[in-house]
Amino acid sequence: MKKTPLLLSALITLLACEGSRAEDFLSRVKHGHADSGGVKIHYATLGEGALVVMLHGFPDYWYTWRHQMAALSDTHQVVAIDMRGYNRSDKPKGVEQYDVKLLVGDVAAVIKHVGAKQATIVGHDWGGMVAWQFAMALPQQCSRLVILNLPHPRGLSRELANNPQQQKNSAYARAFQLPGAHKTLTAAGLSRWVKNTAARAKYIEAFKRSDFEAMLNYYKKNYPRMPYKEDTSPIVRVKAPVLMFHGLNDRALLPAALNGTWKWVEKDLTLVTVPGAGHFVQQDAAELVSRTMRMWLDLKADRRATPAG
């Protein structure tokens, strides 16, 4: 008996099962919009219970959290946001519209819209930057903080100022800050990192609905510019417990920036480094991230936290 037809049949069956699971997940997700100072922020929500708000990075959209949403939704209301400029959220014009303070306000608007007073904030990449800033600016609204592949801003600042390899590896960010850089981007090109074929098709459609110039405004407004200088401003410590994941194959954000994070948080810090995973650790190591996140949230369960609804 030839093995090739059997392997092909098994592959087809596997892909069909994955597609079925994806469609089942999408059928259970509900959608809404929150108003943030006149900017509509789209979100997808699943489950009931204490609120978890998830923030994606570049280039991404709410669907990046599908594995974690499914894993947490039996005990939490999980709300995944389309950051402004992306997919079904509004795309205001102008670099100033992407100031991190406004991005923090978008998260606060969503929390208020779903009827909660606080939430566990989860962020990856630019979503991680917003999550760090949210925890420092609005500590009363951040019960716990989960960060994926985005070092604390002070750690990144230190490495940009002192680490030649991080400076070299940040060349992409400097390129994104150049005038007209968005004109070189395409939906298909931005989706190349997505490994699952069916998911990649969804990403291409989402990016066609997005504004490439808005995406790069995050870099133009908020990413440090040369000459890089280490942040020496007064330290504002994060008051919430922190869980961090870092895929060690990330070439954009090197792990040396993780050193010293404990100096900038008041409570416990749990750091999970993931060998073999890259920048998009929530997809590269989806099961590990989902399982660990669930265990950590269960461990940190605070019955005083205000559930959504």
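Asn217 is buried in this predicted model, with a relative accessible area of 4%. The value falls below the cut-off of 20%, and the residue therefore counts as buried. Asn217 belongs to helix α10, which covers residues 212-222. When neighbours within four places in sequence are set aside, the contacts of Asn217 are Gly94, Val95 and Tyr98.

**Aromatic pairs**

Helix α10 also contributes to the aromatic pairs, of which the whole structure has 19. In one of them, the ring centres of Trp126 and Tyr219 are 5.3 Å apart and the planes stand at 90 degrees, so the arrangement is edge-to-face. Trp126 is part of helix α4 and Tyr219 part of helix α10; the pair therefore ties together parts that are 93 residues apart in sequence. Both Trp126 and Tyr219 are buried.

A second pair is formed by Tyr203 and Phe207, with ring centres 5.7 Å apart and planes at 65 degrees, so this pair too is edge-to-face. Tyr203 and Phe207 lie 4 residues apart in helix α9 (residues 197-208), a separation of about one helical turn. Why do residues three or four places apart point the same way in an α-helix? The reason is that an α-helix has 3.6 residues a turn. Tyr203 is buried, at a relative accessible area of 0%, and Phe207 is buried as well, at 1%.

Ring pairs also build a cluster that is made up of Phe58, Tyr86, Tyr98, Trp126, Tyr172, Phe176, Tyr218, Tyr219 and Tyr223. Two residues already named, Trp126 and Tyr219, are among its members, as is Tyr98, which is in contact with Asn217.

**Helix α4**

Helix α4, the helix of Trp126, comprises residues 126-137. Its 12 residues span 16 Å from the first C-alpha to the last, close to the 16 Å expected at 1.5 Å a residue. How many of its 12 residues are buried? The count is 10, and the helix is thus described as mostly covered. Trp126, Gly127, Gly128, Met129, Val130, Ala131, Trp132, Phe134, Ala135 and Met136 are the buried residues of α4.

**The sheet and the helices on it**

An open sheet is formed by 8 strands, arranged in the order β1-β2-β4-β3-β5-β6-β7-β8 with mixed pairing. Its edge strands, each paired on one side only, are β1 (30-36) and β8 (269-274). On average, and with direction ignored, neighbouring strands of the sheet are turned by 20 degrees against each other.

Within the sheet, β6 (residues 142-148) pairs with β7 (residues 242-247) in the parallel sense, over 4 bridges. Val146 has Leu243 in β7 as its bridge partner.

Helix α3 (residues 100-113) packs on the sheet. Its contacts there are with β1, β2 (39-46), β3 (50-55), β4 (76-81) and β5 (119-124), and its direction makes about 120 degrees with that of β1. Helix α12 (residues 286-299) lies across β3, β4, β5, β6, β7 and β8 and runs at about 170 degrees to β7.

**Salt bridges**

The structure holds 13 salt bridges. The table lists some of them.

| Salt bridge | Closest N to O distance |
|---|---|
| Arg84 and Asp106 | 2.7 Å |
| Lys239 and Glu266 | 3.3 Å |
| Arg294 and Asp298 | 3.3 Å |

The side chains of Arg84 and Asp106 form a salt bridge that links distant parts of the chain, 22 residues apart: Arg84 is in the loop between β4 and α3, and Asp106 is in helix α3. Arg84 and Asp106 are both buried.

Which parts of the chain does the pair of Glu266 and Lys239 tie together? Glu266 is in the loop between β7 and β8, and Lys239 is in the loop between α10 and β7, so the pair joins parts 27 residues apart in sequence. Glu266 is partly exposed, with a relative accessible area of 48%, and Lys239 is likewise partly exposed, with 42%.

Arg294 and Asp298 both belong to helix α12, where they stand 4 residues apart, about one turn of the helix. Asp298 is partly exposed, its relative accessible area being 41%. Through salt bridges that share partners, Asp74, Arg294 and Asp298 are joined into one network.

Note on methods
Residues are numbered from 1 along each chain as its sequence is written. This is a predicted model: local features need pLDDT of at least 70, side-chain atom pairs count only at pLDDT 80 or more; totals for chains, interfaces and linings use all residues. Side-chain values use heavy atoms; hydrogens and water are left out. Two strands pair if DSSP finds at least two bridges between them. Helices (H or I, at least four residues) and strands (E, at least two) are DSSP runs, numbered from the N terminus. Axes are lines fitted to C-alpha atoms, for helices over the stretch in contact, and angles run from 0 to 180 degrees between N-to-C directions. Contact means heavy atoms within 4.5 Å. Buried means under 20% relative accessible area, exposed over 50%, partly exposed in between (1.4 Å probe, protein chains only). A salt bridge is a side-chain nitrogen of Lys or Arg within 4 Å of a carboxyl oxygen of Asp or Glu. The expected span of a helix is 1.5 Å times one less than its number of residues. Rings of Phe, Tyr and Trp (its six-membered ring) pair if their centres lie within 6.5 Å; planes under 30 degrees apart count as stacked, over 60 as edge-to-face and the rest as tilted.
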